Amino acid sequence: MATGASPTFLNRAAAERWFDPKASRRSVFLLAGSDLIALRELKRKLIRNFGGEDPLGLSRTEVDAGDLSPGEMMDLLAELPLFASCRVIVVRSAEELADEKKFPGALATIEKLDELTLLILLMDGSAKELARLDLAQRCLAMKTAAYCYAPRDDREAETWVREFGARNGFKMDLDAAKSIVQLVGNDPVELAPEIEKVAFATDGKINVASVRENLVYHREHPVFDWAEAVMSGNPRALRLAAPATDYGKEGVGAIAALASRIQDLDRLERGENLGYFPRIAAEKSVRLWSAERRKNAREILLDLDLALKSTAQELHLARIEMATLKMMEA
């Protein structure tokens with residue numbers, strides 16, 4: 001434990017400089033804070049640096065401390081990998097390990113971990129609360145504890161956007177960053193995929209024009225909100241059917257958008273290559289959509305397509321809303 005002046009958490013930039021388990025032979029790292037993207041990136045960097053050029057020689061386990069008994073946690077910390085040269089253990093809700101009554105001996109076991117084990121502790125709570133924990137104190141003293149704050153206002157969010165772009169090799173000017181923040185907000189979890197979406201479409205060259213072309217239209221076009229609501233089973237899908245189809249006038253286009261989302265689920269299950277954003281969307285929905293449900297939805301959409309092409313336009317919205325209800329009930 002540290003003596004003298006109280007040690008403090010590293011911020012994102014400082015953590016980038018200090019976090020290298022191979023160079024320092026340090027084995028325990030603590031990540032906390034409200035910037036979940038920064039925590040994800042730091043975790044990936046730690047694992048990449050630790051595993052080096054031989055990821056196949058790396059054993060990786062991720063658990064939640066709240067889901068394990070004291071015995072199971074101790075076994076996890078103490079066991080040696082059978083078919084790997086080193087191991088990574090990621091523990092969510094790791095603040096619970098500081099409770100000696102719940103996990104007796106855990107701190108002592110963690111202290112004895114050698115350089116063949118990388119332990120990443122993901123903790124919830126304020127920096128002030130966590131800094132009081134003995135487990136956190138060890139990491140603070142060793143400079144292996146980072147606390148990453150999400151942007152608090154638009155100015156900080158603009159800086160976050162530009163720094164995220166720079167880390168990923170994207171070229172972006174300040175006006176583009178401001179435009180993204182105005183459209184998306186300050187939450188890194190929402191900002192990161194939108195930045196990547198524009199970068200993917202522009203080979204990493206992001207300006208105001210490309211932001212407007214790739215974000216404004218899609219974020220404002222209600223057909224995507226309707227398709228997303230159907231895929232996620234959100235009851236608001238029925239209410240969104242009217243604006244998504246311009247009150248029935250653009251029903252065929254909406255059918256195509258939803259059919260494409262369903263097809264992405266098939267491609268995901270077959271292991272086919274999907275773009276980054278279609279894959280993320282498909283992974284979010286696949287559990288809700290069995291093969292049978294997808295089959296039924298396709299039949300509903302086919303019937304709807306035929307109906308829209310053979311009936312008066314004033315009846316289209318009613319048919320679209322009925323089809324939406326049927327797909328939600330499937």
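Here are a few friendly notes on this predicted model, going from the whole chain to one helix and the loop before it.

1. Overall make-up. The chain contains 17 helices and seven strands. Along the principal axes, its C-alpha atoms fill a box of roughly 80 × 45 × 35 Å.

2. Inside and outside. Of the 330 residues in the chain, 45% are buried. The exposed area comes to about 17,700 Å², with carbon and sulfur atoms supplying 51% of it. If you look at contacts with a separation of 6 or more, 70% of them join residues 24 or more positions apart.

3. Charges. The chain carries 46 positive and 52 negative charges, and the mean positions of the two sets are 2 Å apart.

4. Helix α14. This helix covers residues 251-269, 19 residues in total. From first C-alpha to last it reaches 28 Å, close to the 27 Å expected at 1.5 Å a residue. Its buried residues include G251, A254, I255, A257, L258, I262 and L265. Do note that R261, D264 and D266 are buried in α14 too. Just after the helix, G271 takes a positive phi of about 80°.

5. The loop before α14. Most residues other than glycine have a negative phi. Two residues here are worth a look: D246 has a positive phi near 50°, and Y247 has a positive phi near 55°. D246 lies in the loop between α13 (237-244) and α14, and Y247 has its place in the loop between these helices as well.

6. Cover in that loop. How exposed is Y247? At 56% relative accessibility, Y247 counts as exposed. D246, with a relative accessible area of 33%, is partly exposed.

Conventions: Residues numbered from 1 in each chain as written. Predicted model: local features only at pLDDT ≥ 70, side-chain atom pairs only at ≥ 80, totals over all residues. Heavy atoms only, no water. Helix = DSSP H or I, 4+ residues; strand = E, 2+ residues; numbered from the N terminus. Buried < 20%, exposed > 50% of the residue type's maximum accessible area, 1.4 Å probe, protein only. Contact = heavy atoms within 4.5 Å. Areas by Shrake-Rupley, 256 points an atom, 1.4 Å probe, with all protein chains shown as cover. Lys, Arg positive; Asp, Glu negative; His and termini not counted. Charge placed at Lys NZ, Arg CZ, Asp CG, Glu CD. Expected span 1.5 Å × (residues − 1).
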